[in-house]
Amino acid sequence: GIVLGIESSCDETAAALVTTDRRIVAQRIASQDAEHAPYGGVVPEIAARAHAERLAPMIAAVMEEAGQDLSDLDAIAATAGPGLIGGVMVGLVSAKALAMAGDVPLIAVNHLEGHALSPRLADADLAFPYALLLVSGGHCQILRVEGVGQYRRLATTIDDALGEAFDKTAKILGLGFPGGPAVERLAREGDPGAVPLPRPLVGSGEPHFSFAGLKSAVLRAKESGRHRDADIAASFQQAALDCVVDRLAVAFEGIAPVPALVVAGGVAANQAIRGALESFAAERGLRFVAPPLPLCTDNAAMIAWAGCERLGQSDPLDIAARPRWPLDPDAEPVRGAGY
Ligand code: ATP
Ligand code: MG
Ligand code: FE
């Protein structure tokens, strides 16, 4: 089977064609970094307009490159949430129009499910269940992935997401937006032990995350004028990493056994995080799986793949876009922002 995937939930406009035997037949992605950089973050209205301008020609290009007609498709999968509602609507409405025109099933994909299943696109041997650290710009969760649509959330953040902490640190250090890759690059030149920073929630019995206090400490370190930026970046990354490893250790105490530890989401592109998780997994005799870098940050191949995983299902053409859409609807609400 072959599925067209559409992604427009944040500031990446993307379209991709993926087959059920894990071939990315064609893909296009356009980042809006230049549009949002002057504002230091994603501006929803600008994002929605940029998606609207770019998406239709992008879909046409992907279809043409692959030599596919609408009627050749087995499904059209589009992100239906969570995310910035204007952008999500652009992608979802486009998918609905194409589904109607081609009489092709529509699959409304949860963007987080796209991230959660993305490691299976790159790795045919990754079977359910697996433990997943989902670390992105808006989310920071530990999940037990038991099957398609079956997610047990073990931990979440009570304030900021990990990617958000990277982005805020980048802003404090004047590294621009988006900040994750820039912080990682600068951290390579710094001493991770140079700046004393807190490790929020480390040692607590629940595996949840908190990064707001770490960000404030980064701001104080910068304002003190006593540290090199590279040392602040390296110390921040080390503190974040220590938090992740400690929280995972607590989560694993309460989780039914799984053979693999998997990381996904934009922050999964970070080499230091990948390294720390690899050691964590090795110590526990777990397989460690991380998607190739282009599948970590937002992309349409992961949405198409989620569609492949759900092939045979379809959603009604009047399905609504959802700004909030938890992967695990039964998860206990957590005090704080509830990411
Ligand atoms: P969500 O998936 O939660 O809706 P999002 O789609 O905006 O949020 P992603 O595209 O998955 O998030 O990830 C983007 C985040 O990943 C940003 O916060 C970015 O700074 C971070 N990121 C990307 N590359 C790296 C890196 N190399 N190191 C650390 N963080 C990174
Ligand atoms: Mg982005
Ligand atoms: Fe994302």
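## Helices H5 and H7

In this predicted model, the axes of H5 and helix H7 (residues 212-224) cross at roughly 15° and come within 10 Å. Since angles under 35 degrees count as roughly parallel, H5 is therefore roughly parallel to H7. The crossing of these two helices, H5 and H7, is right-handed.

On the H5 side, the contact is made by Ala165, Lys168, Thr169 and Ile172, and on the H7 side by Leu214, Lys215, Val218, Leu219 and Lys222. By class, the residues of the contact of H5 with H7 divide into 5 nonpolar, 1 polar and 3 charged.

## Surroundings of ligand 1

Helix H5 also has a part in the surroundings of ligand 1, giving the most to the shell with 4 residues. In total, 25 residues surround this ligand. Gly137, Gly138, Gly163, Gly180 and Gly266 are the closest of them.

Three helices, H4 (111-122), H5 (162-172) and H6 (180-187), each supply at least two residues of the shell around ligand 1. The make-up of that shell by class is 15 polar, 6 nonpolar and 4 charged residues.

## Helices H4 and H10

Helix H4 packs against helix H10 (residues 301-309) at an angle of about 80°, and the axes of the two are 8 Å apart. That angle makes H4 roughly perpendicular to H10.

From H4, the residues Glu113, Gly114, His115, Leu117, Ser118 and Leu121 take part in the contact; they meet Ala301, Met302, Ile303, Trp305, Ala306 and Glu309 of H10. The contact of H4 with H10 comprises 7 nonpolar, 3 polar and 2 charged residues.

## Helices H6 and H8

Helix H6 packs with helix H8 (residues 229-253) at an angle of about 110°, their axes being 8 Å apart. Angles of 65 to 115 degrees count as roughly perpendicular, and H6 and H8 are therefore roughly perpendicular to each other.

Four residues of H6 are named in this contact, Val183, Glu184, Leu186 and Ala187, and they meet Asp229, Ala230, Ala233, Ala234, Phe236 and Gln237 in H8. The contact of H6 with H8 has 7 nonpolar residues, together with 1 polar and 2 charged.

## Annotated domain and binding site

An unreviewed UniProt entry lists residues 24-305 as "domain: Gcp-like". In the model, the C-alpha atoms at the two ends of residues 24-305 lie 9 Å apart. Helix accounts for 47% of this span and strand for 17%.

The unreviewed UniProt entry also lists His111, His115 and Asp298 under "binding site". These residues are spread over 188 residues of sequence, yet they cluster in space, with a largest C-alpha distance of 8.9 Å. His111 is found in helix H4. His115, likewise listed under "binding site", is among the H4 residues that meet H10.

## Backbone features in loops

Two cis peptide bonds may be described here, each with a proline as its second residue. One joins Gly81 and Pro82, with omega about -10°. Pro82 has its place in the loop between strand E4 (75-81) and helix H3 (85-102). Another joins Phe128 and Pro129, with omega about -5°. Pro129 is in the loop between H4 and strand E6 (130-135).

Arg22, a residue other than glycine, has a positive phi, near 75°. The place of Arg22 is in the loop between strand E2 (12-19) and strand E3 (24-31).

Terms used
Residues are numbered from 1 along each chain as its sequence is written. Chains are lettered from A and ligands numbered from 1 in the order in which they are written. This is a predicted model: local features need pLDDT of at least 70, side-chain atom pairs count only at pLDDT 80 or more; totals for chains, interfaces and linings use all residues. A residue is near a molecule or strand if its C-beta atom, placed from the backbone, lies within 6 Å of it. Ala, Val, Leu, Ile, Met, Phe, Trp, Tyr, Cys and Pro count as nonpolar, Asp, Glu, Lys and Arg as charged, and the others, Gly among them, as polar. Axes are lines fitted to C-alpha atoms, for helices over the stretch in contact, and angles run from 0 to 180 degrees between N-to-C directions. Angles under 35 degrees count as roughly parallel, over 145 as roughly antiparallel, 65 to 115 as roughly perpendicular and the rest as oblique. Two residues are in contact if their C-beta atoms, placed from the backbone, lie within 7 Å. UniProt positions are given in the numbering used here, feature names are shortened, and annotations may be inferred rather than shown by experiment. A crossing is left-handed if the near helix is turned anticlockwise from the far one by less than a right angle, and right-handed if clockwise.
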